[in-house]
There are 2 protein chains.
Amino acid sequence: MATGRTHRPATRSRGIPEATVARLPLYLRALTALSERSVPTVSSEELAAAAGVNSAKLRKDFSYLGSYGTRGVGYDVEYLVYQISRELGLTQDWPVVIVGIGNLGAALANYGGFASRGFRVAALIDADPAMAGKPVAGIPVQHSDDLEKIIQDNGVSIGVIATPAGAAQQVCDRLVAAGVTSILNFAPTVLSVPDGVDVRKVDLSIELQILAFHEQRKAGEEAAASDGGVPAAAARSDSADQGPDGDMPAVMPA
Amino acid sequence: MATGRTHRPATRSRGIPEATVARLPLYLRALTALSERSVPTVSSEELAAAAGVNSAKLRKDFSYLGSYGTRGVGYDVEYLVYQISRELGLTQDWPVVIVGIGNLGAALANYGGFASRGFRVAALIDADPAMAGKPVAGIPVQHSDDLEKIIQDNGVSIGVIATPAGAAQQVCDRLVAAGVTSILNFAPTVLSVPDGVDVRKVDLSIELQILAFHEQRKAGEEAAASDGGVPAAAARSDSADQGPDGDMPAVMPA
DNA sequence: ATGTCTTTGTGAACGCGTGCACAAAGATGG
DNA sequence: CCATCTTTGTGCACGCGTTCACAAAGACAT
């Protein structure tokens, strides 16, 4: 296709900013969509729009990977898909275990985005003996007694924790002891892990609370704008200030 | 309880850094746990450890809210729980709708963290007529034809999208048109919304890909360390380089 | 009342990420 | 072969967030 594959071997590898790494999957998704529509090349402007970012940022991000792209033309879609996939490590197979097959764990097991892109659900693990053997998403659930063996037999290095908060740290410890070095945690707890183990956290409750903060701020500004006066102190008093101190539900498992 | 309630009315409200807002729910969770154990006060050091952050960061975060806390003693747990709750807008009730009651939507509906903390699932909405009326988590699913009416009748301002990617933008547009101004998006798509609408994105596939990147980097460093030589270029070649260009599964819905 | 000791609150320095704006690169047409 | 035009790649400046380090504040004992 296009032209000059400078093909710098990206000895750069280390030195890719974390913020850039976090955006690469976004670009990859947009590029994959283009690839499916057989679009041969794409400009930074177009791709940035598709990924919902600034075009300068996108170009800078790509510059960390190497000098792919052709001035005056843009980026070769297929080539870039491959380069990003390689950089993210998606050209190899990643066996994953999901621990905690409740509502969320089952949803994750069924989630299509897992199976694609090199992630393979190697096993589902739950502490409830009644679950053992029961198939979820076509995979039989195994009991957590066998956790260590499952990890080792399948060479698993990525674990997903979807247990209740109370069990999460214990599960985490066992995963790490068995050789897992990357953990995706859905339980609402702070996990402590030794150095060298990565933890990423997905917390539905926190996301909602952040939204609530901004929502409240919006409502406050509206109210302040309509009665003209004090910016936020007045606006916030709509439902809170009648209970001046500690009279709110202090008990909740979130 | 302790002592000096300076009680600055926090006219500060605007000017709380986004990064701080994102950590407030974390502090709140740690404080709630302490509150349940009837711990009266806590130092920034202890609380920071419980929340998994630096103590200086925590103190600076709290300083944006006002001057709660007593030097030489620490923070009054109950008081701080209330202040953070108020700041986050959790002292009021937030009705939420969940659109798309598949595996994930059902898991969200059942998730305990939603019900607590002022978030109330006002309705579950799905496009499948077969789902209509069927109860999930004790709430009957309603058909998406009635989406606008449901939003308006319940005064919903926060919507959760758990539909397939293809339907997400359309659902989003309808939510926004009906008055929703905050959206939590689980669909793997970039949503475009008008100004004034907040979108937060939770993307399981992206989190996994970020983990894979770091996992690969670890494996590469190990390999490079053991054979001594080229840092990353050699290490990466383990499974990728034999297919020099675009020979990988280019089709996938993630 | 005074001194000591603990812990907060914050000024200042630093580093990372973002966005602008432009020079260099290369394609394309004559 | 040269001119023009498009688009990349990046130097630079700016702003946000993090961390250090310390002075001020207050509790507590004597």
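# Notebook: two protein chains and two DNA strands

I began with the secondary structure of chain A, which comes to 10 helices and nine strands. I am working from a predicted model. I then looked up burial: of the 254 residues in chain A, 51% are buried. I also checked contacts in chain A with a separation of 6 or more, and 57% of them join residues 24 or more positions apart.

**Entry 1: the sheet of chain A**

I traced the strand order next. Seven strands of chain A form an open sheet, in the order 5-6-4-3-7-8-9, and the pairing is mixed. At the edges I found strand 5 (135–136) and strand 9 (198–201) of chain A, each paired on one side only.

I followed strand 3 of chain A to its neighbours. With strand 4 (residues 119–126) of chain A, strand 3 pairs in the parallel sense over six bridges. In that pairing, Pro95(A) stands opposite Arg120(A). With strand 7 of chain A, strand 3 again pairs in the parallel sense, over four bridges. Here I noted Ile158(A) as the bridge partner of Val96(A).

I went one strand further. Strand 7 (residues 158–161) and strand 8 (residues 182–185) of chain A run parallel and are joined by four bridges. Ile161(A) stands opposite Asn185(A) of strand 8.

I then looked for a helix packed on these strands. Helix 8 (residues 165–178) of chain A lies across strand 3 (94–99), strand 7 and strand 8 of chain A. I noted its angle to strand 7 of chain A as about 170°.

**Entry 2: strand 3, face by face**

Why is strand 3 of chain A largely enclosed by the rest of the structure? I checked its residues, and six of the six are buried, so the strand is largely enclosed. In a regular strand the side chains alternate between the two faces of the sheet. I therefore sorted strand 3 of chain A by side, given that six of its six residues are buried. Trp94(A), Val96(A) and Ile98(A) are on one side, and Pro95(A), Val97(A) and Val99(A) are on the other. Both faces are covered.

**Entry 3: the nonpolar core**

I looked up the largest nonpolar core and found 113 residues in it. Which residues have the most contacts inside this core? They are Ile84(A) and Ile84(B). I listed the partners of Ile84(A), leaving out residues up to four places away in sequence. Ile84(A) touches Leu24(A), Tyr27(A), Leu28(A), Leu31(A), Phe62(A) and Leu65(A).

In chain B I picked Leu80(B), which is found in helix 4 (residues 77–88). Is Leu80(B) buried or exposed? Its relative accessible area is 1%, so I logged Leu80(B) as buried. Leaving out residues up to four places away in sequence, Leu80(B) touches Leu31(B), Leu47(B), Phe62(B), Tyr68(B) and Tyr75(B). I also took the C-alpha separation of Leu80(B) and Leu28(B), which is 8.2 Å for 52 residues along the chain.

**Entry 4: DNA strand C**

I counted 26 residues around DNA strand C. Those that come nearest are Lys57(A), Arg71(A), Ser44(B), Tyr68(B) and Tyr75(B). I split the strand C atoms within 4 Å of the protein: 66% belong to sugar or phosphate, the rest to bases.

I looked up polar contacts on strand C. A polar side-chain atom of Arg23(A) is 2.9 Å from a phosphate oxygen. A polar backbone atom of Ser44(B) is 2.5 Å from a phosphate oxygen. A backbone N or O atom of Gly72(B) is 3.0 Å from a sugar or linking oxygen.

Which helix gives the most to the surface near DNA strand C? I found helix 3 of chain A, with four residues. Helix 1 (18–36) and helix 3 (55–65) of chain A and helix 3 (55–65) of chain B each supply at least two.

**Entry 5: DNA strand D**

I found 26 residues surrounding DNA strand D, the closest being Ser44(A), Tyr68(A), Tyr75(A), Arg23(B) and Arg71(B). Of the strand D atoms within 4 Å of the protein, 64% belong to sugar or phosphate and the rest to bases.

I checked base nitrogens on strand D. A polar side-chain atom of Arg59(A) lies 2.9 Å from a base nitrogen. For a side-chain N or O atom of Lys60(A), I noted 3.2 Å to a base nitrogen. For a polar side-chain atom of Arg59(B), I noted 3.5 Å to a base nitrogen.

Helix 3 of chain B supplies the largest share of the surface near DNA strand D, four residues. I also noted helix 3 of chain A and helix 1 (18–36) of chain B, each supplying at least two residues.

Terms used. Residues numbered from 1 in each chain as written. Chains lettered and ligands numbered in written order. Predicted model: local features only at pLDDT ≥ 70, side-chain atom pairs only at ≥ 80, totals over all residues. Heavy atoms only, no water. Core = buried A, V, L, I, M, F, W, Y, C linked by side-chain atoms within 4.5 Å. Buried < 20%, exposed > 50% of the residue type's maximum accessible area, 1.4 Å probe, protein only. Contact = heavy atoms within 4.5 Å. Pairing = 2+ DSSP bridges. Axes fitted to C-alpha atoms, helices over the stretch in contact; angles between N-to-C directions. Near = heavy atom within 4 Å. Polar contact = N/O pair within 3.5 Å; in protein donor to acceptor, adjacent residues only side chain to side chain.
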